[in-house]
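Visitor: I'd like a close look at one part of this protein, the charged pairs. Could you walk me through them?

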Amino acid sequence: MGRLTGKVAIITGAARGLGEADARVFVSEGAKVMITDIDEVRGQALAEELDCQFTHQDVTDEHRWDELIAQTVEQFGKLDILVNNAGLVKVGNPENQTTQEYRLTMSTHVDSVFFGCRAAIPAMAASGGGSIVNMCSLAAIQGESYVAAYCM
């Protein structure tokens, strides 16, 4: 207990699933946590339950990242940890998935990680360093044809 006492973390996609589990562990270990998600109802409810902060964030919005980092640093004074967890699954393979679905998947899983790292690194450096955790699925190792873009 207390391994994250004094640390400030942002966890994306934290309204449910693995992001929610991460938020629960981080709070229980003493971190101050900013959870983000596009699901405002579940995100706000979890933030109230865990006594942490919630803000709406579409991780594919490049400019929202700068706002999120500034908001977090303003509220907590620093940023120590970023967990790039947000994700989605669109069923489809190259024969039947639309370009729009493919691009949304890539933007959510790839572009957002770049945007998040780029925005977070200067704030972490300003407070002496930090940690970035980029989540991925086992599907990246063993692909499944029915969710081809997700596996990429």
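Visitor: How many salt bridges does the structure hold?

Guide: Keep in mind that this is a predicted model. The structure holds 7 salt bridges, so let's take a few of them in turn, starting with helix 1. There, the side chains of R24 and E20 meet at 2.8 Å, N to O. Both residues belong to helix 1 and sit 4 residues apart, about one turn of the helix. R24 is partly exposed, at 32% relative accessibility, while E20 counts as buried because its relative accessible area, 19%, falls under the 20% cut-off. The pair isn't on its own, either: E20, R24 and E49 are linked in a network of salt bridges.

Now on to helix 3, residues 62–76, which holds both R64 and E67, 3 residues apart and again about one turn of the helix. The closest N and O atoms of this salt bridge are 3.6 Å apart. Here the arginine, R64, is buried, with a relative accessible area of 13%, and E67 is partly exposed at 47%.

Then there's D80, which forms a salt bridge with K78, with 3.2 Å between the closest N and O atoms. D80 counts as buried at 6% relative accessibility, whereas K78, at 26%, is partly exposed.

Helix 1 has a nonpolar side to its story too. Along with strand 1, strand 2, helix 2 and strand 4, helix 1 gives two or more residues to the largest nonpolar core. That core has 16 residues, and A23 and F26 are among those touching the most other members.

Methods. Residues numbered from 1 in each chain as written. Predicted model: local features only at pLDDT ≥ 70, side-chain atom pairs only at ≥ 80, totals over all residues. Heavy atoms only, no water. Core = buried A, V, L, I, M, F, W, Y, C linked by side-chain atoms within 4.5 Å. Buried < 20%, exposed > 50% of the residue type's maximum accessible area, 1.4 Å probe, protein only. Salt bridge = Lys/Arg side-chain N within 4 Å of Asp/Glu carboxyl O.
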